[in-house]
Structure formats: C-alpha cells, structure tokens
Amino acid sequence: MNIEALIASSIDGLMLGFVFGLMAMGLTLIFGVMKVINLGHGPFIVMGMFAILVMSQLGINPYLGLVIVVLLGLLTGIVVYFVAVHRVINAPELTTLLATFSVNMILIGALTIIFSTSPRGLDLELPSFRTGAITVLGTRFVAVLVAVGVTIALYSFLYRTRTGKSIRAVANNRGAAELMGINSSWILALSFGIGTLLAMISGGLLATLFSFTVLSGGGLEVKSFVIVVLGGLGNPTGALFGGIIIGLLESITTIFIPVSWVPVFEFVVFVLILLFRPNGLFGAR
Amino acid sequence: MSTTNSVILTIENVSKRFGGLLALDKVNLSVKEGEIFGIIGPNGAGKTTLFNVINGVYPPTEGRVKFRGEDVTGLQPFDMSKRGLARTFQVVRPLSELTVRENVTVGACFGREHLPLEKAEKVADEVLEYVGLAERKEMLASKLNVAQKKRLEMARALAARPILLLLDEVLAGLNPHEVADMLGVVRKIRDQGITILMIEHLMHAVMNLSDRVFVLDYGAQIAEGTPQEVSNHPKVIEAYLGDPKVAQRFLEGAA
Amino acid sequence: MKTLSSPFIWIILVVVGGASLLPILTNSVSLREDMFLMLMLVILASSINIIMGYTGYVSFGHIVFFGLGGYLAFFLMKEFQVQFMLAALVGGAGASLIAFFIGIPVLRLRGAYFALATIGINEAFRSFFTNFDLFGGAVGMFFNFSVYDAYGGAKNAGQLAYYAMVVLALVTIGTSFVIKKSKFGLGLMAIREDQDASMVLGIDPARLKVLTYTISAFFPAVAGALFFFKNGLIEPGPAFELHRSIEALVMVMLGGYGTVTGPIVGAVVYERLRGFLITDPTLSNAHLVIAGVLLLLIVLFVTAGVIGWVRQRVPALRRYLE
Ligand SMILES: Nc1ncnc2c1ncn2[C@@H]1O[C@H](COP(=O)(O)OP(=O)(O)OP(=O)(O)O)[C@@H](O)[C@H]1O
Ligand SMILES: [Mg+2]
C-alpha cells in the first residue's frame, strides 16, 4: 500500500468531511429543536449552490457571496417555517414529513424552471499546496476554514447569547420553555432559519468544489441523513464528527474497494446504527 | 365472594431502581381473591411503579411477582393480559382516533378470553352499558371529557374479563357526583367476583371501599392492614404529615 | 364471513374492475398503458396504507419491495424461463420473506427512526444491486425477445401483464379491506394510536407489526415483477426509486390515511393531475411547483385527506366509505 496515497486521500476526505458536517448540522439542528425531519434540506443545499453561481456570474467573489447566502438562508428558512411548518408543528411526524416534502417539490420545481437541470460549475482558481504526492487544493482549504468558522460561530451563538440559550431551552422542553416566557414560535422559526442557512452555506461551499445540477440535492440530502444518524439525531457536534467520518470513509475506502461499493457499506452501517446505537456513535445508549 | 379466600397475587421483595432512584424498596404484599386492596402513599411514593412492575411494563430490579401460583416476573404486559390481569392508566390513554366502542372492543378482543371480533363487540356493548357510556359509543374517544375517559379506561379493562383489576387513581379529577358514580361501578365489579387492587388519593373512598390497605412511602412499605389499623398507624400519619394538605384529607377520611 | 357481506367493498371492487375493463372494451393501447400505471400506483399506495395508515409506521422506502420483487422475478424469467405469473408470485414471496427478516429488528424503531431506516434499507439495496453482477450490476438485465414468444409475442405479453395487474389490484384492495375490518386490523389501529397502551390491552405489537410488514411487502413486489416483465428491462435506479415511494405516500395522504378507499382515490387524483399538468404546454414546466403547492395545501388544511374529510363532514356516509 502506498502510504502517500493514503495520506493524500485522508487529507482530502478530512477536508470534505468538514463541509459534509456543516451540511448535516442544519438538518440535525432542525430535528433537535422541533423533531421535524426536513425533507426540504436537499433543495436548500442546492439553493446555496445556485446563489453562489448567480453571484459569481454577477462578478461577486463567491466567498463574499457566502455572507449574502447567510442572510438569504435565514430569511428563506423563516418564511418556509411560517408558511409550511408552523401550522402542523404539533401534528404527527408524517404530516411534517409531507409538508417539508412539498416544500422540496416546490423549490426543485422552481429551480428547474429558472436554471434547467444541466450541470453547472464555478471556475474558481486558487493556488494549491503540494508536497510529493500530496496536493491540497486551495478551494478545499478555504472551505474547511469557512466550515470551521461557521461551526464556531454557531456554538458561540447557541451557548453565549440569550437567543441561543432560548433555542436550547426550546429544544430541551418546549412546554417548560414557554412557561418561562419564551416565545416558542419565533424560536422555532429562527431555528429553522439557522438550519436552512447552514444547509445553504454548505451548498455554497460545495459549489466551489464540484460541479452540480438542480438535482444534486437528493443525494446530498440522503448523505446528510446518514451523517446525522451517525452523529446522533439532533446533535450538531455529532453531525460534524459524522461528516468527518463519512468524508474519510469515502476517500479512504476507495483505495481498498471499488467506489461503487462505498454506498452499500454506508447504508448498511446507517441502518445498523439506527438499530443498535440510535443516539449515534457518540451518544448515550 | 368466597370466605376461604386464596391468595391471587404475591409480591416478594420487589425493588425497582431508575438510575439512582430507588422507586420501590423490597416491597412485599399479597392480595386475596375477591378483595378490594387499597394502595395509598404520597406523590412519588412508587405506587404507579408497583403497578407497572406487576403488569410487566418493566421488570423489577429484584424480587418476584406471582400471579395465581405462577411466577410471572418479567413477563410482558400482553402476557399478563392473557393471564387475566387488566389495568387502567392514571393518565388516561384513550386510543384517540378510534370510537369508544372500538376502544372497548380492543380490550375484549385481546384480553383474557381473546374473543373473536363479533363476540368482542357484543361484550363491548354490554360493558359500555354497565359503565354508562352506551350513548357515546360511536364517538371518537378523543372527544370524551375527562370523567368519560376515565370510564372508558374502566370499560376497556373490564371488557378483557380480568381476574385481577388494577385501578390507578380512577377517582382523581372527578367531581363529587362523578366520584359517587364511579364508586358504585367499582363495587359492582367487585360483586362480580373480580379482585381489585386500587391506588387512590381520595382517602374517604379508599377507607370505605377497601378490605385491606397498603401504604407506600419513598418506595418502602410502611404499613398494611385494615383501613382502621392503617389510619392509626404512627408511621402513616408521619408520612402524610410531610404533606399537610394530604394529612388533613387523610385524617378526615379516617374519621 | 360478515366482513364480505358489506356492500361497500363490492362496490369498490366493481368500480375498479369496471374501470379496468375500459381499455379492453375500447381497444385502446394508450389507455391501457395509463391504466396499467394507475393500478400499479393503487397497489403501491394501498400497501403502504396497510403499514402506515393502519399501523402508524411510515415506511418511506417501501419501494424497496417493488424493486426486490421485480429483480427476483426478472431473474427467474430470464435465466430459467419461469412463467411470468409464477415468477411474480415467487418474487412476491421472496420480498415478503425479506420483509419478515428486516421487519423483526427494524420495526422496533419508532417514528422518525423507522422512517429513516426504511430509506436506508432501500438505498442499501439499490447500491447493492448496482454492484451485484449476477443481476446485471449497474446496467441491469434485459430480455431477449424470445422470452415473450412463450406468450405469443411482446404485444400479447403486455396484455397478459395488464390482466394480471388488474387482478392484483383487486386482491390488494380486498385484502386491505379484510384487514381493516378484522380483529387483526383493530389490533393494528390500537398500535397506531398508542403502542404501549396496546400492549397493556393484550396486544403483542412485535408480532402484529412484522406480519403486517410482510403482507404489505407482497403486493408491491408482485406489481414490480409485472411491471418489469412488461418493460423487458430492469435497472437499479427505476427499481428502487425513492421518489416513487414518497409519491405513493403523498397519494395515501391525499386520499385519506387509514381508509380503504383513500389510497385508491389518492392514486387516481394524483396521477390524473400530474398527467394533466405535464401535457398542458403552459403548465408542464411548473408541474412540480403546482403539485407541491397542492400537496402543501392538503397537508396543512385537509389533514384527513379527501375521504377522511368526507367522512368527517357527512357522518351518514361513514358506513359506505371505509
Ligand atoms: N420510567 C421512569 N423512569 C425514571 N423514573 C421514574 C419512572 N417512573 C417513575 N419514576 C420515578 O419513580 C418515583 C415513583 O413514581 P410513581 O409514578 O410510581 O409514583 P406514584 O406513587 O404513582 O405517584 P403519584 O401519586 O404522583 O401518581 C418518582 O420519583 C418518579 O419520578
Ligand atoms: Mg401514580
């Protein structure tokens, strides 16, 4: 086994893992706070991709564009929450699954009308670092920095600010939080907004790394499910680690087994974790 | 009711631990056929937990449960149901989107006699008549008020044709009129020969109805005997004095 | 049996059976193709309704059984020249067997966890079949034309597959009704409403659920076998298409969750609507958006679905609209 190749794929996978982790964090945050599995997650990721695409076509630097994506994501999430989720927030799971699925249909439909389903890509050139067989692409490096930055920002928000603490209180026990005078509707909407903006930022970052289409969201959404379950449903830190595990797994295993077997392995592990470690790899049993 | 009552349920040294909390601490009791056996104790004493252990919702941490001579420790709730045990829930649990009649039919279908559907429906109708819910049988269970839901709990348990019936605070939340009605129902059930184990906070009711009373406090049994004996027991008075309101009610009930 | 003396189920069966005769009477191949698809969706939605509507378990990835049945049968027909109806039944039985073994562990999960697990199972099988060379791997399998010779040519085979699909749809609807009206069905609904309470009432949920899952896997599997027999080609993508599963769920919700008629009405309305939107030149681009908006409106405002809504509004009709 070529040790350099192994290191190279590990670094690659690790970097990609941070972005995956960020992507899954949005899904897991929404689930943690309101017990909703957001089937609109995929289209949100795609919206992030296309937002960056449009901005770069307008001549805005993609990384600068991410700041706008944050606002756009927050706004989109809050609007979607009030339009599609709020009315059924206490209904059985199936109802919220279908409500968010209809959001998925609407968004994918609208994006298809605007952008068609042909493949897109940004042409973004950043210098890369190279030593021997190991190459670190500049775009990946920046993506990791952004992902880490956003994660730190999220955690400071959740643990340091009053609003963040309210979000955690609502996640813990909505009834009790309401008794303490927290306006849970706004907190839920805000959480949905944050979940959405995380999905959109990760989409924006992925757009700087790969080519994409309007339909890229489907696969990424399922991947987010896997990551979220790996890290424990509702646990953002777990999602980050889950993302890193999946990133590493996808790059390292390809050295040993054909790429096409990787998803088989992934999904079997996914089901097994649900069965035997439903709180995730790191969660309490 | 026979006079040479044999023991129907025995709890031997049963403890139940939830993490660091000892909810039941080496409890022993035996219930005789045909009696009404009252269980009292302050909030959080472990009464409901005792029911949950008896009917298999969770296994005891240690100790044994014997029902009609058979060791039933650790059996599942549905196994206990087949053996003739039925219960009501302290916090009512109607099958909301089913009608009242369907709720009760479930009890009859899967209870001790495992009746086929059509027979079960007949039993359901009888039982609904008995507890006074007959006019509401086509309503969805979720549409009933609290008192009616309590009756529904009772009807569902009765439809199973149990040998032993566990009643968990069936009087709580009822107004005096409804309490009187419910007490009548409980007596009628006993007169059918069904043994009753009941948890109750309403002292005058327990004291009037029960043949024997058992007192739990912090998971431990502190007294057992006839209502008269128990209400004079110093430990019982002490336990309830921790809670002045209940103590007063208790003393009123005993008087 | 009292259940089968209900006029309701016979009316439904006659209506569905009658509608299925239309393409044959009018001798219209395109109508037959539409109807074939429609019946398949009715089967899929009704089966999902048995596990989801009656029992309360949202089987998101139910399409996995469609794919499994399709693959098993296709393999038998292609490699061993097994007669297609026999192959379809074997495919159905095989999928049921798999459902049984998957169901034992997976049905212990509740709510969102179960829903996610079924997605995982479907994706696991899809990616496995993509790699499984015996079944053709990523490119799948296709028939030589000679396979259809045994049935008097491809055209005749299509006709036969259609008849089989009609019968399967009627059997599925009948089964759904018998379950709903039986003691077994009552137990399922008790599990749906409150699993823990149902155990105290004497129900063994694990047994009932696994049995239900096994039954609800059979019909989609046979449908998959018939579909791919007629298609002449099977690939992992179309066989395990998660999106189709979710659409079937939507149909159940649209028509009315937990009712016998709901999935039928839902499947017909959804498919008609989509057909209309796709063929209309001005709407075709927006069809996904329009369908999404309609679904959202239904989910938000008509939670019980069409049939549920009618049942709530007109109690007198309840006895005739199960
Ligand atoms: N499933 C459980 N997990 C952890 N702790 C539990 C559980 N069930 C009960 N407890 C705890 O065990 C103790 C006894 O509870 P239990 O419900 O048996 O009391 P109780 O006597 O029925 O009280 P009440 O009169 O309020 O109904 C309480 O402290 C309760 O919080
Ligand atoms: Mg209690």
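Contact here means heavy atoms within 4.5 Å, and on that footing T95(A) is in contact with V88(A), V299(C) and T303(C), once its neighbours within four places in sequence are left aside. The structure is a predicted model, in which local features need pLDDT of at least 70 and side-chain atom pairs count only at pLDDT 80 or more, while totals for chains, interfaces and linings use all residues. Residues are numbered from 1 along each chain as its sequence is written, chains are lettered from A and ligands numbered from 1 in the order in which they are written, and side-chain values use heavy atoms, with hydrogens and water left out.

**Chains and T95(A)**

- Among the 2 pairs of chains that touch, chains A and C share the most contacts, whereas no contact joins chain A and chain B, whose closest C-alpha atoms lie 13 Å apart.
- T95(A) has its place in helix α4 (residues 93–115) of chain A, helices being DSSP runs of H or I with at least four residues and strands runs of E with at least two, numbered from the N terminus.
- With a relative accessible area of 4%, T95(A) is buried, where buried means under 20% relative accessible area, exposed over 50% and partly exposed in between (1.4 Å probe, protein chains only).

**Magnesium ion and ligand 1**

- The protein donors of the magnesium ion (ligand 2) are T48(B) through OG1 and Q90(B) through OE1, lying 1.9 to 2.1 Å from the ion; donors are N, O and S atoms within 2.8 Å of the metal (3.2 Å for Na, K and Ca), and because water is not among the atoms, sites may look incomplete.
- T48(B) lies in helix α1 (residues 47–54) and Q90(B) in the loop between β6 (85–87) and α3 (100–110) of chain B, so the pair ties together parts that are 42 residues apart in sequence.
- Both donors are partly exposed, T48(B) at 25% relative accessibility and Q90(B) at 32%.
- Ligand 1 is surrounded by 14 residues, the closest being G44(B), K47(B), T48(B), T49(B) and Q90(B), where a residue counts if one of its heavy atoms lies within 4 Å.
- Polar side-chain atoms of K47(B) and of Q90(B) each lie 2.8 Å from an oxygen atom of ligand 1.

**K150(B)**

- K150(B), in helix α5 (residues 146–159) of chain B, is buried yet has no salt bridge, and the nearest side chain of opposite charge, E169(B), is 6.3 Å away.
- A salt bridge is a side-chain nitrogen of Lys or Arg within 4 Å of a carboxyl oxygen of Asp or Glu; Lys and Arg count as positive and Asp and Glu as negative, with His and the chain ends not counted.
- Leaving aside neighbours within four places in sequence, the residues in contact with K150(B) include Q90(B), E169(B) and A172(B).

Terms used. Polar contact = N/O pair within 3.5 Å; in protein donor to acceptor, adjacent residues only side chain to side chain.
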